[in-house]
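Work through the exercises below with the structure open. Each task is followed by a solution in steps.

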Amino acid sequence: MNIEHLHKYCLSKKGVTEDFPFDNDTLVFKVLGKIFLLVSLKSWESGNASINLKVDPDYAQELRAEYESIEPGFHMNKKHWNTVKIYKGELAPKFILELIDHSYEMVIKSMPKKLRDSL
């Protein structure tokens, strides 16, 4: 997976926007204004590609136990966020996309019904 594929995939989802709300390095993807994915462009360019994703707390624990490349979210609430270290090569691109989908769906699920219905 490369950064262009990640970018295109995230923007293909309904209601998604991109932004740099924290600095010029951290690209953030939001669905209806709520963050579901963060990526450091500098880390990606230096060969340390990773993403932070929202995750169900129980599923987060399962993933961390099963995969060395998945850790508690860096600079995030460790209960609800995972860091997925793509550069390690352990995870198949299709699985990474499934994790992105899960994050997107988790954020939508937590929204009020009126917002969810607007998608």
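**Exercise 1. Place the pair Asp117 and Lys113 in the secondary structure, then describe their contact and their exposure.**

Step 1. Both Asp117 and Lys113 belong to helix 5 (residues 113-118), where they sit four residues apart, about one turn of the helix. Helices (H or I, at least four residues) and strands (E, at least two) are DSSP runs, numbered from the N terminus.

Step 2. A salt bridge joins the side chains of Asp117 and Lys113, at 2.9 Å from N to O. The term stands for a side-chain nitrogen of Lys or Arg within 4 Å of a carboxyl oxygen of Asp or Glu.

Step 3. Asp117 is exposed at 52% relative accessibility, and Lys113 is exposed with a relative accessible area of 52%. The classes are buried (under 20% relative accessible area), exposed (over 50%) and partly exposed (in between), with a 1.4 Å probe and protein chains only.

Two remarks on the basis of these values. The model is predicted, so local features need pLDDT of at least 70 and side-chain atom pairs count only at pLDDT 80 or more, while totals for chains, interfaces and linings use all residues. Residues are numbered from 1 along each chain as its sequence is written, and side-chain values use heavy atoms, with hydrogens and water left out.

**Exercise 2. Describe the fold and the dimensions of the protein chain.**

Step 1. Five helices and six strands make up the secondary structure of the protein chain.

Step 2. In sequence order, the pattern is α-β-β-β-α-β-α-β-β-α-α.

Step 3. For 119 residues, a compact globule would have a radius of gyration near 14 Å, and the protein chain agrees with its 14 Å. This radius is taken over C-alpha atoms, and the globule rule is 2.2 Å times the number of residues to the power 0.38.

Step 4. The C-alpha trace spans about 40 × 30 × 25 Å along its principal axes. Of the 119 residues in the protein chain, 41% are buried.

**Exercise 3. How many salt bridges does the structure hold, and which parts of the chain do those of Lys13 and Lys88 link?**

Step 1. There are five salt bridges in the structure.

Step 2. One of them pairs the side chains of Asp101 and Lys13, at 2.7 Å from N to O. The partners come from distant parts of the chain, 88 residues apart: Asp101 is in helix 4, and Lys13 is in the loop between helix 1 (3-11) and strand 1 (16-19). Lys13 counts as buried because its relative accessibility is 16%.

Step 3. Glu68 and Lys88 form another salt bridge, in which the closest N and O atoms are 3.6 Å apart. Glu68 lies in the loop between helix 3 (57-66) and strand 5 (70-72) and Lys88 in the loop between strand 6 and helix 4, so this pair ties together parts that are 20 residues apart in sequence.

Step 4. Glu68 is exposed, with a relative accessible area of 61%, whereas Lys88 is partly exposed at 35%.

**Exercise 4. Examine the loop between strand 6 and helix 4, using Gly89 and Glu90.**

Step 1. Gly89 is in this loop and is exposed, with a relative accessible area of 58%. Its C-alpha atom is separated by 9.9 Å from that of Ala49, 40 residues apart along the chain.

Step 2. Glu90 lies in the loop between strand 6 (81-85) and helix 4 (93-109). Its relative accessible area is 37%, so Glu90 is partly exposed.

Step 3. Glu90 gathers with Asp58, Glu62 and Glu66 in a patch of negative charge on the surface. Patch members have over 30% relative accessible area and no salt bridge; like charges are joined within 9 Å, and nonpolar side chains (Val, Leu, Ile, Met, Phe, Trp, Tyr) within 5 Å. Asp and Glu count as negative and Lys and Arg as positive, while His and the chain ends are not counted. A charge is placed at NZ of Lys, CZ of Arg, CG of Asp or CD of Glu. Accessible areas come from the Shrake-Rupley method with a 1.4 Å probe; for residues, only the protein chains shown count as cover.

**Exercise 5. Is Phe36 buried or exposed, and how far is its C-alpha atom from that of Ile100?**

Step 1. Phe36 is part of strand 3 (residues 34-40). With a relative accessible area of 0%, Phe36 is buried.

Step 2. The C-alpha atoms of Phe36 and Ile100 are separated by 7.9 Å, and the two residues are 64 residues apart along the chain.
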